[in-house]
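Reader: I would like a close look at one part of this model. Please take a single strand and follow what surrounds it.

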Amino acid sequence: MVVSMLNQVTFEWGIKQFLILHVTSSMRRLDCHVMHELSIASSIVETVTAEMLSRGLTSIGKVGLRIGALTNVDPEALRFGYETMVVDTPLAGSTLEIESLLVKAVCRKCGLSFEAYDFIFICPNCESGDNEVTQGQELEISYLEAE
Ligand SMILES: [Zn+2]
């Protein structure tokens, strides 16, 4: 069984970084002074555990994640942190299936949508630097494989 998830783990970056964790209808915010993979892994464990309880799931196989390049998350560090954390919990044996997303932006001047390779936000059509990021900030749970 594959459970589609709407839960998002989103964040903004800056001097003070934080996580916003959307959990089904309710929303909880986790303050995180240092954004790192262990705190994200912990948020994922918390979210998936809550989903297991609310949906009556007995075991989890894969946890599908979508991670944008702008999050600066190291997928392997996240995977290691998660798999270490779930030992001896109801999530034991579950693994992360990580989909990495490139950075995309849309030009506010000419409307072109483009991939921002190497984080260069210059429109390849009109060379404007006035762009809006449309992809790359994702940090979300997309699905669960569960029983
Ligand atoms: Zn343009």
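Author: What follows centres on strand β5, with the rest of the chain as its setting.

This is a predicted model. Its mean pLDDT is 80, and 77% of the residues reach 70 or more. One stretch needs care. Over residues 10-34, pLDDT stays under 50. The model still has 38 contacts beyond four places in sequence for that stretch.

First, the layout. The chain has two helices and 10 strands. Along the sequence, the pattern reads β-β-β-β-α-β-α-β-β-β-β-β. Strand β5 covers residues 60-68. Helix α1 spans 37-55, and helix α2 spans 75-85.

Now the partners of β5. Strands pair through backbone hydrogen bonds, in either a parallel or an antiparallel sense. Both senses occur here. With β10, strand β5 pairs antiparallel over six bridges. Within that pairing, G64 has Y143 of β10 as its bridge partner. With β6, residues 95-101, strand β5 runs parallel, and seven bridges join the two. There, R66 is bridged to E99 of β6. Between β5 and β6 the chain passes through α2, and this β-α-β crossover is right-handed.

Next, the packing. The largest nonpolar core holds 18 residues. Strand β5 supplies at least two of them, and so do α1, α2 and β10 (139-146). Among the residues with the most contacts inside this core are I60 and V63, and β5 covers 60-68. I40, I44 and V48 are also in that group, and α1 covers 37-55. L78 and Y82 complete the group, and α2 covers 75-85.

Take Y82 as a probe. Neighbours within four places in sequence are left aside. Y82 is then in contact with A41, I44 and L96. A41 and I44 fall within α1 (37-55), while L96 falls within β6 (95-101).

Two totals give the wider context. Of the 147 residues in the chain, 23% are buried. Among contacts with a separation of 6 or more, 64% join residues 24 or more positions apart.

Finally, a second piece of sheet for reference. Three strands form an open sheet in the order β8-β7-β9, with antiparallel pairing. Its edge strands are β8 (113-115) and β9 (131-135), each pairing on one side only. Neighbouring strands in this sheet are turned by 35 degrees against each other on average, direction ignored. Strand β7, residues 104-107, pairs with β8 over three bridges. One of the bridge pairs is K104 with E115 of β8.

Conventions: Residues are numbered from 1 along each chain as its sequence is written. This is a predicted model: local features need pLDDT of at least 70, side-chain atom pairs count only at pLDDT 80 or more; totals for chains, interfaces and linings use all residues. A nonpolar core is a set of buried Ala, Val, Leu, Ile, Met, Phe, Trp, Tyr and Cys residues joined through C-beta atoms within 7 Å. A residue is buried if 20 or more other C-beta atoms lie within 10 Å of its own, exposed if 12 or fewer, and partly exposed in between; C-beta atoms are placed from the backbone. Helices (H or I, at least four residues) and strands (E, at least two) are DSSP runs, numbered from the N terminus. Two residues are in contact if their C-beta atoms, placed from the backbone, lie within 7 Å. pLDDT is the predictor's confidence in each residue, from 0 to 100. Two strands pair if DSSP finds at least two bridges between them. A crossover is right-handed if, with the strands pointing away from the viewer, the path from the first strand over the helix to the second runs clockwise. Axes are lines fitted to C-alpha atoms, for helices over the stretch in contact, and angles run from 0 to 180 degrees between N-to-C directions.
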